[in-house]
Amino acid sequence: MSDSLRARLDTGHHRRNLVISHLKTRDLQDKTFRIGNAVFCYHKPRPPCGYLDKIEGKGLGGALGKNSGICVTVLSSGVVAVGDRIEIVRN
């Protein structure tokens, strides 16, 4: 990935609200989980859309793959900070 593309993605142009490294989103399916002191439950998959190709170049959405986003429901609000881990609280 080029440095300029990485910089644009790192600054939030991808429209993701929360980015977590080294996670297969399908591993959260049907689970309730905590990040920081906020609690969420998996709602549905949200694969990348054509918007990414429009702003960053053709093929980016496909390169991210189907496992790159989900919608969640906030069950309990709280503070989420860089470095917080995901903890499964209920399957």
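Q: Which residues is Phe 33 in contact with, leaving aside its neighbours within four places in sequence?
A: Contact here means heavy atoms within 4.5 Å. In this predicted model, Phe 33 is in contact with Leu 28, Ala 38, Val 39, Phe 40, Cys 41 and Tyr 42. The list also holds Val 72, Ile 86, Glu 87, Ile 88 and Val 89.

Q: Which residues make up the largest nonpolar core?
A: In soluble globular proteins, nonpolar side chains tend to be buried together. Here the largest such core has six residues: Leu 28, Phe 33, Ile 35, Ala 38, Phe 40 and Tyr 42. Two or more of these residues come from each of β1 and β2 (38–45). The most come from β2, which gives three.

Q: In what order do the four strands form the open sheet?
A: Strands of a sheet pair through backbone hydrogen bonds, either parallel or antiparallel. In this structure the order is β3-β2-β1-β4, and the pairing is antiparallel. At the edges stand β3 (70–76) and β4 (86–90), each of which pairs on one side only. From one strand to the next, the twist averages 40°.

Q: How many bridges join β1 to β4?
A: Strand β1 covers residues 32–35, and four bridges join it to β4. The two strands run antiparallel. Arg 34 stands opposite Glu 87 in β4.

Q: Which element of the protein chain has the lowest mean pLDDT, and which the highest?
A: pLDDT is the predictor's confidence in each residue, from 0 to 100. Helix α1 (residues 3–10) has the lowest mean, 59, and β1 has the highest, 96. The average for the protein chain is 81, and 79% of the residues score at least 70.

Note on methods
Residues are numbered from 1 along each chain as its sequence is written. This is a predicted model: local features need pLDDT of at least 70, side-chain atom pairs count only at pLDDT 80 or more; totals for chains, interfaces and linings use all residues. Side-chain values use heavy atoms; hydrogens and water are left out. Two strands pair if DSSP finds at least two bridges between them. Axes are lines fitted to C-alpha atoms, for helices over the stretch in contact, and angles run from 0 to 180 degrees between N-to-C directions. A nonpolar core is a set of buried Ala, Val, Leu, Ile, Met, Phe, Trp, Tyr and Cys residues joined through side-chain atoms within 4.5 Å. Buried means under 20% relative accessible area, exposed over 50%, partly exposed in between (1.4 Å probe, protein chains only).
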